[in-house]
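Welcome, and thanks for taking a look at this chain. Please keep the coordinates open beside you while you read.

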Amino acid sequence: MRARPRLGYALTALAATLFALNGPMARELFEEGISPTHLSEMRSAIAFALLAVGLAVRAPHKLRIARADVPRMAWLGVAGLALVHASYFLAIDRLKIGVALAIQFTAPVALLVWLRVAHGRRLAPTLWGAVWLSVLGSFLVVEAYHVGTLDALGVLAAVASMVTFAIYLVASERAGRRYDAFTIMVWGFGFATLFWLVVRPPWTFPWEQFGSARNLALGLGVAVIGTLAPFLLEVAALRHLPASRVGVVATLEPVLGALLAWALLDERLGPSQVIGGCLVVAAVLWVQAHPPAPEVEAAPSERPRGPRRASREPGTARARRRRRTAAPRAR
């Protein structure tokens, strides 16, 4: 498939918009007493069920993957989907939301450092500049300078949410080289749902809190509009863009979230938030103005397994003799 960077940027921006819409809906459910972990379990389960049924009816071949890729999909589902939510919710339980978000959205910087240090990639200064600009803008938008009381466990959880967000981006980019977004997400949400069923068994789920039509509609909105659709869009974008660039555009989420809070919840935007939003938009425009260099920006493939050693030395010797005797005839 030919990479189309402009399509990748558009898909990521749309995904960020839907993730931002998820905030007000989730907040309404939190105020009804529904815990963030139960909401995460519900959104994963509904997303998986909708995808699995839809693919089974319309495109059953997309449910199949190579056996060797099952552990990779499990890694994506647990570390890249379930744990990113679990660690983030733990972080915001012990830190201010702005501080937790600011730490999580340093994931693009972590990706660039990983590519440079672990793989010796010489990344363009313009990409470094766009990434740092987006991080600074996000810091201002979420007002992370109001640190409050720092809790060690909360900081560790926020760092874990940053690492798992980076894992999700890299694992999705790698999987996108072999499968489309629907296949990746049905397996990813499947393993995420299994994780939550172990952590939060079904009998602990507050079914009675979804008895009203309003709460049920909000729950479905979180699962479809705030989870299934944006994750599909973001994974599809990773087939056209390196993970680091998708991470930069993803920082539009807190900007759009602040704008939605201003429009829907009448929350005032401070001067620093406006400046931060402008910096994030500038970073997104900056990164789009410079074409990606896949040879240095793309996530490295998993290490191939080494060749099997011959179990018997005589067989290896015979193979060498065959090559020697076949050589004259090849001339």
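## A question to start with

Which residue forms a salt bridge with Glu28, and how far apart are the closest N and O atoms? The partner is Arg214, and the closest N and O atoms of the two residues are 2.5 Å apart. This pair links distant parts of the chain: Glu28 lies in helix H1 (residues 5–31) and Arg214 in helix H9 (residues 213–237), 186 residues apart. Please keep in mind that the model is predicted.

Neither end of this bridge counts as buried or as fully exposed: Arg214 is partly exposed at 40% relative accessibility, and Glu28 is partly exposed too, with a relative accessible area of 27%.

## The chain as a whole

Here is the wider setting. The chain has 14 helices and zero strands. Of its 331 residues, 46% count as buried. The accessible surface comes to about 17100 Å², and 65% of that belongs to carbon and sulfur atoms.

If you work with contact maps, this one may interest you: among contacts between residues at least 6 apart in sequence, 88% join residues at least 24 apart.

## Other salt bridges

A search of the whole structure finds seven salt bridges. One of them joins the side chains of Arg245 and Glu297, at 2.6 Å from N to O. Arg245 sits in helix H10 (residues 243–250) and Glu297 in helix H13 (residues 294–297), so this pair, 52 residues apart, also links distant parts of the chain. Both Arg245 and Glu297 are buried. Elsewhere, salt bridges that share partners join Glu28, Glu32 and Arg214 into one network.

Glu173 and Arg177 form another salt bridge, with their closest N and O atoms 3.2 Å apart. Is Glu173 buried or exposed? Glu173 counts as buried because its relative accessibility is 5%, under the 20% cut-off. Arg177, at 39% relative accessibility, counts as partly exposed.

## Nonpolar cores

In soluble globular proteins, nonpolar side chains tend to be buried together. In this model, the largest nonpolar core has 79 residues, and those with the most contacts inside it are Met73, Phe165, Tyr168, Leu169, Ile184, Met185 and Phe189. Helix H7 (residues 152–175) gives the most to this core, with 10 residues.

Leaving aside residues up to four places away in sequence, Met73 touches Ile65, Ala175, Tyr179, Ile184, Trp187, Gly188 and Phe191. There is also a second, separate core of 10 residues, which includes Ala26, Leu29, Phe205 and Leu218.

## A closer look at Leu55

Leu55 is placed in helix H2 (residues 36–58). With a relative accessible area of 7%, Leu55 is buried. What does Leu55 touch, not counting residues up to four places away in sequence? The contacts are Pro60, Lys62, Leu63, Phe182 and Val186. Val186 is 131 residues from Leu55 in sequence, yet their C-alpha atoms are 8.7 Å apart in space.

## A nonpolar patch on the surface

Nonpolar side chains also turn up on the outside. Leu21, Leu50, Val224 and Ile225 make a nonpolar surface patch of about 280 Å². Leu21, one of these residues, is found in helix H1, and Leu21 is partly exposed, with a relative accessible area of 31%. Helix H1 is also the element that holds Glu28, the salt-bridge partner of Arg214.

Terms used. Residues are numbered from 1 along each chain as its sequence is written. This is a predicted model: local features need pLDDT of at least 70, side-chain atom pairs count only at pLDDT 80 or more; totals for chains, interfaces and linings use all residues. Side-chain values use heavy atoms; hydrogens and water are left out. Helices (H or I, at least four residues) and strands (E, at least two) are DSSP runs, numbered from the N terminus. Buried means under 20% relative accessible area, exposed over 50%, partly exposed in between (1.4 Å probe, protein chains only). Contact means heavy atoms within 4.5 Å. A salt bridge is a side-chain nitrogen of Lys or Arg within 4 Å of a carboxyl oxygen of Asp or Glu. Patches are made of residues with over 30% relative accessible area and no salt bridge: like charges are joined within 9 Å, nonpolar side chains (Val, Leu, Ile, Met, Phe, Trp, Tyr) within 5 Å. Accessible areas come from the Shrake-Rupley method with a 1.4 Å probe; for residues, only the protein chains shown count as cover. A nonpolar core is a set of buried Ala, Val, Leu, Ile, Met, Phe, Trp, Tyr and Cys residues joined through side-chain atoms within 4.5 Å.
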